[in-house]
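Colleague: I am new to this structure and would like a close look at a single part of it. Could you choose one charged pair, walk me through it, and then show me what surrounds it in the wider picture?

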Amino acid sequence: MKHTNSIVPPAVVVLISGRGSNLQALLSDPAHGSLYRVVAVVSNQSSAGGLQIAQDHGIAIRCVEHRQFADRSAFEAAMTLVIDEFSPQLVVLAGFMRILTAGFVQHYAGRLVNIHPSLLPAFPGLNTHERALQAGVALHGATVHFVTPELDHGPIIAQAAVLVRPQDNPQYLGERVLVREHQLLPACVAAFCQNALQVDGMRVRWLVSSPPVFIEEK
């Protein structure tokens, strides 16, 4: 009998707090989905819709409710145990709505990435679409970056942009940004899992190709 060697794609654990639309994008991306394996989805909310998405794909789910812990350190210790159960090469924050301590971030240093709905360093934190409209910017978008202890700060892997239109409101602008998020995140995760990223200070170099450019057409 002839045997063939198959390369197992790197394992990825995804952290979510809500509906899981970026998780769905990771699981269904036709161009990049074969380059990584989502082995578990972990949420701090038992009501998170993304847990059902994971179940529908036969992916392990875990829930670590932050409200059940006395403090942030205890919560993160429990999270770490759950995540490390799956020995991931990469941990992805895909709508995970908890501020992380330096200790947690350092435990996963170099293998923890986040997607944020703005063109960082502009508009870190919450309510990014409202703030972008209030600021009168011409471009808005999303960023995938390596996580550092500073909130929404860290070497930028890639970004995606949309034009801000006169008729935009926060909801409409956010929906258009989300379309770009769903393209951006799988491409960045795949690049990491192919060892195609090199961090040089605050810059990330793409070794195999140029960073993907997802810019909304007029």
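**A charged pair and its setting**

Modeller: Let's start with E85, which is partly exposed, with a relative accessible area of 46%. Please keep in mind that this is a predicted model. The partner of E85 is R62, and the two side chains meet in a salt bridge, with N to O at 2.9 Å. R62 belongs to strand β3 (residues 60-63), while E85 sits in the loop between α3 (72-84) and β4 (90-93), so the pair ties together parts that are 23 residues apart in sequence. R62, like its partner, counts as partly exposed, at 29% relative accessibility.

This bridge is one of four salt bridges in the model. Another joins the side chains of R67 and E65, at 3.9 Å from N to O. Here the two ends differ in their surroundings: R67 is exposed, with a relative accessible area of 58%, whereas E65 counts as buried at 15%, because buried means under 20%. R205 and D200 form one more bridge, their closest N and O atoms being 2.9 Å apart. In that pair R205 is partly exposed, at 34%, and D200 is partly exposed too, at 40%.

Now let's turn to the nonpolar interior. In soluble globular proteins, nonpolar side chains tend to be buried together. The largest nonpolar core here has 41 residues, and V14, V41, V92, I157 and V189 touch the most other members. Helix α6 (residues 170-193) supplies the largest share of this core, with eleven residues. A second, separate core holds 22 residues, including A11, V39, V64 and L93. For a closer view of one member of the largest core, try V92. Leaving aside residues up to four places away in sequence, V92 touches V12, V13, V14, L15, L26, V113, L185 and V189.

Finally, have a look at α5 (residues 128-135), whose buried residues are T128, H129 and A132. Viewed down the axis of α5, they fall within an arc of 100°, so they line one face of the helix. An α-helix has 3.6 residues a turn, so residues three or four places apart point the same way. The buried residues of α5 pack against β5 (112-116), β6 (139-146) and α6. Helix α6 is a good place to link these views, as the helix that gives the largest core its largest share of residues. Just after α5 comes G136, which takes a positive phi of about 75°.

How values were computed
Residues are numbered from 1 along each chain as its sequence is written. This is a predicted model: local features need pLDDT of at least 70, side-chain atom pairs count only at pLDDT 80 or more; totals for chains, interfaces and linings use all residues. Side-chain values use heavy atoms; hydrogens and water are left out. A nonpolar core is a set of buried Ala, Val, Leu, Ile, Met, Phe, Trp, Tyr and Cys residues joined through side-chain atoms within 4.5 Å. Buried means under 20% relative accessible area, exposed over 50%, partly exposed in between (1.4 Å probe, protein chains only). Helices (H or I, at least four residues) and strands (E, at least two) are DSSP runs, numbered from the N terminus. Contact means heavy atoms within 4.5 Å. The arc is that of the directions from the helix axis to the C-beta atoms.
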